[in-house]
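Visitor: Hi, could you walk me through this one? I have some short questions.
Guide: Happy to, so go ahead.

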Amino acid sequence: MSAVAAPRGGFAALAGSTDHKRVAVRIAVTAAAFFAAGGVMALVMRAELAEPGLQVVSTGTYNALFTMHGSTMIYLVITPFALALGLYLVPLHVGAGQIAGARWVLGGWWLYLIGGLSMYAGFLTRNGAAAATWGGFDPLSNSVNSPGEGMDLWILGVALATAGELLWAACILRTILRHRAPGITMLRIPVFSWAMTVTALMVIFAFPVLIAAMGLLWYERQYGGVFDGPEGPVAYQHLFWFYGHPVVYVMFFPYVGAVAECVATFSGRRFFGYTAMVASLLLFTSLSMSVWAHHMFTIEGVTVKYFSLMSIALVVPAGIEYFDMIATLWGGAIRLTTPMLFALGFLVQFLIGGLTGIWVGSTVLDYHVNNSYFVVAHFHYTLFAGSFFGAMAAIYFWWPKVTGTLLREGLGRLQFALSVVGANVTFFPMFLLGRDGMTRRVADYPADAGWSTLNALSSIGAACIALAMLVFAANVVVSLRRRVPAGDDPWGGHTLEWATRSPPPRGNFADPLPAVRSYAPLLDRGESS
Amino acid sequence: MLLAWAALLTLNTIVLIALGGDGLEVFLLGGAAAGVVVLAALMAVRRDGEAPEASPAAVLAALAVTGLVLGTELGLWLVLISLGVLALAGFRLLREGVRW
């Protein structure tokens with residue numbers, strides 16, 4: 001892919017390029033490879049659950065599969081891809097020629113890549129890959145219950161990958177705060193860059209806690225004495241969820257920002273309520289840093305009143321953001337392009353994830369659905385039916401800028417239709433299964449429980465999602481082999497990246513920047529001319 | 001902006017204390033609030049240097065760090081090699097003219 005001009009000097013220079021666009025594309029490609037691996041694991045799990053009994057894998061292998069599937073998607077796919085969007089776009093949005101701390105960004109990719117490979121290297125060890133959930137919860141993950149090198153490699157891999165992501169976030173935040181071009185104030189940066197600002201803040205304050213938790217867990221496994229006693233596992237959960245809840249929003253806000261840009265562009269209107277959106281993002285992130293223990297409602301000693309209050313309060317900023325999006329659409333000249341379809345799909349389907357979040361945020365209701373498939377359905381509606389759709393909107397929207405070519409609309413629409421059907425057929429039955437008492441993380445269930453039909457339906461949906469991804473892969477291949485030049489601004493975009501070439505040159509802007517008087521400078525230019 | 005965010009986190013911490021939050025809960029949230037103030041100070045003070053077009057030294061440094069971390073599992077040999085690579089990376093970073 002000739003996404004950006006190659007640096008001079010052969011392989012060493014290529015592998016060591018400090019161009020933020022090149023590194024971001026590399027992160028995205030790496031995340032796509034991990035996504036394929038995580039997706040295959042999901043398909044194997046759904047094949048196992050399609051009917052009662054053990055047909056495909058053993059329970060031990062199933063434990064490793066759901067652990068590695070969750071770990072892959074969160075540590076190695078959705079989070080890195082979200083940050084890669086920021087690494088590529090933020091310098092363009094703020095009129096900077098380079099990202100702050102370009103060496104750190106480059107080094108971060110190597111930490112992420114080798115960290116991810118280390119996690120997977122567990123499959124090559126005698127006891128197999130880690131099988132103690134994506135949270136690595138102690139005492140399940142201690143040396144007695146999870147012996148072998150696979151768990152150790154997982155711990156070290158998670159720490160490395162997370163450290164890489166931390167470096168990227170610090171560089172994104174630094175770029176926004178210190179490298180804006182003259183005239184671009186904080187209230188003139190696009191909504192997407194504001195979303196990346198708050199995302200970076202959460203990464204900077206939550207991710208070091210996970211790295212510390214992984215260090216302590218590794219020490220516990222080697223020498224013991226860290227999480228001993230009845231308080232130990234609770235302390236681990238506090239440390240883990242202090243990362244584990246904010247990361248949900250790290251996997252959400254960048255896609256909200258991308259969807260906001262799509263909605264404004266394809267409605268032909270300025271984004272409605274910009275200032276309210278910025279305020280809601282700041283409020284949302286401060287609340288999302290304060291709700292981690294709602295994952296621990298059923299554990300003795302947690303300040304349930306506080307965490308329930310804060311969790312329910314999240315609906316206020318979320319409501320503002322939805323209101324702003326709908327108000328932008330209202331009366332707009334809407335163009336239903338593929339990125340817009342995915343953006344609208346994100347808004348509708350994330351709403352289901354969000355509304356069921358009120359359910360699990362309520363202590364009383366959470367006691368009923370705790371550890372059930374209801375929770376699996378809830379977070380897959382936020383992360384797959386939500387964030388994945390936001391990611392696809394972003395890919396279809398910015399693909400022309402990154403590659404200089406257009407993805408095919410027909411294949412895009414087909415992928416969208418298959419994705420909508422697949423996501424809902426896969427995940428909606430899980431709400432019903434959870435309500436009826438099916439627990440999560442099981443490879444088998446009783447034949448007389450009445451869950452067979454819903455599980456079979458869910459597995460058919462997973463196959464439909466896989467088909468949608470094959471269509472996307474075909475679209476990528478066709479787009480790159482039979483190139484249709486996109487031009488610099490195929491969509492009539494509002495923000496600065498559309499004022500430069502596709503793909504942008506090193507240094508980002510060959511021509512002088514247009515005047516920036518608001519968060520939609522190209523729309524201003526069109527209106528004034 | 002950072003100070004506004006710190007204020008919001010501080011407010012949340014106060015509510016947590018008022019509703020009976022325990023030591024670790026208050027430490028984590030309050031620590032984050034205090035950390036934002038430190039971050040704001042760092043963002044205001046430090047300056048950035050220009051990055052070269054490519055930085056093999058940064059790659060070497062990252063590989064050395066991963067070697068040091070994975071060496072805890074794979075053996076002392078990897079730790080020792082990584083320390084050597086880290087020293088080489090430091091030397092090359094100085095030659096690239098990096099500003100610490």
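Visitor: What pattern does chain B follow, read along the sequence?
Guide: Chain B runs α-α-α-α along the sequence. Helices here are DSSP runs of H or I with at least four residues, strands are runs of E with at least two, and both are numbered from the N terminus. Before we go on, this is a predicted model, in which local features need pLDDT of at least 70, side-chain atom pairs count only at pLDDT 80 or more, and totals for chains, interfaces and linings use all residues. Residues are numbered from 1 along each chain as its sequence is written, while chains are lettered from A and ligands numbered from 1 in the order in which they are written.

Visitor: Thanks! And how many helices and strands does chain A have?
Guide: Chain A has 18 helices and zero strands.

Visitor: What radius of gyration does chain A have, next to a compact globule?
Guide: Chain A has 23 Å, which agrees with the value near 24 Å for a compact globule of 529 residues. The radius is taken over C-alpha atoms, and the globule rule is 2.2 Å times the number of residues to the power 0.38. Along the principal axes, the C-alpha atoms of chain A fill a box of roughly 70 × 50 × 50 Å.

Visitor: And what about chain B?
Guide: Chain B has 20 Å, but a compact globule of 100 residues would be near 13 Å. Its C-alpha trace spans about 50 × 35 × 15 Å along the principal axes. Chain B is also divided into domain 1 (2–45) and domain 2 (56–94), with bounds from an automatic or database domain assignment. The C-alpha centres of these two domains of chain B lie 35 Å apart.

Visitor: How many residues of each chain are in contact?
Guide: 47 residues of chain A are in contact with 38 residues of chain B, where contact means C-beta atoms, placed from the backbone, within 7 Å. On the side of chain A that touches chain B, α5(A) gives the most, with nine residues. The residues of that side divide into 28 nonpolar, 13 polar and six charged. For those classes, Ala, Val, Leu, Ile, Met, Phe, Trp, Tyr, Cys and Pro are nonpolar, Asp, Glu, Lys and Arg are charged, and the others, Gly among them, are polar.

Visitor: Switching to packing, at what angle do α3 and α15 of chain A cross?
Guide: Helix α3 (residues 59–93) and helix α15 (residues 373–403) of chain A cross at roughly 30°, and their axes come within 11 Å. Axes are lines fitted to C-alpha atoms, for helices over the stretch in contact, with angles from 0 to 180 degrees between N-to-C directions. α3(A) and α15(A) are therefore roughly parallel, a term for angles under 35 degrees.

Visitor: Which residues meet there?
Guide: A:I78, A:F81, A:L85 and A:Y88 in α3(A) meet A:L383, A:S387, A:A391, A:A394 and A:V402 in α15(A). By class, that contact has eight nonpolar, one polar and no charged residues.

Visitor: How far apart are the axes of α9 and α12 of chain A?
Guide: The axes of α9(A) (residues 253–267) and α12(A) (residues 315–329) are 9 Å apart, and the two helices pack at about 20°.

Visitor: Last one: where is A:P139 found?
Guide: A:P139 is in the loop between α4 and α5 of chain A, and the peptide bond from A:D138 to A:P139 is cis, with omega near 10°. A:T133 lies in the loop between α4 and α5 of chain A too, and its phi is near 70°, a positive value in a residue other than glycine.

Notes: Contact = placed C-beta atoms within 7 Å. Parallel < 35°, antiparallel > 145°, perpendicular 65-115°, else oblique.
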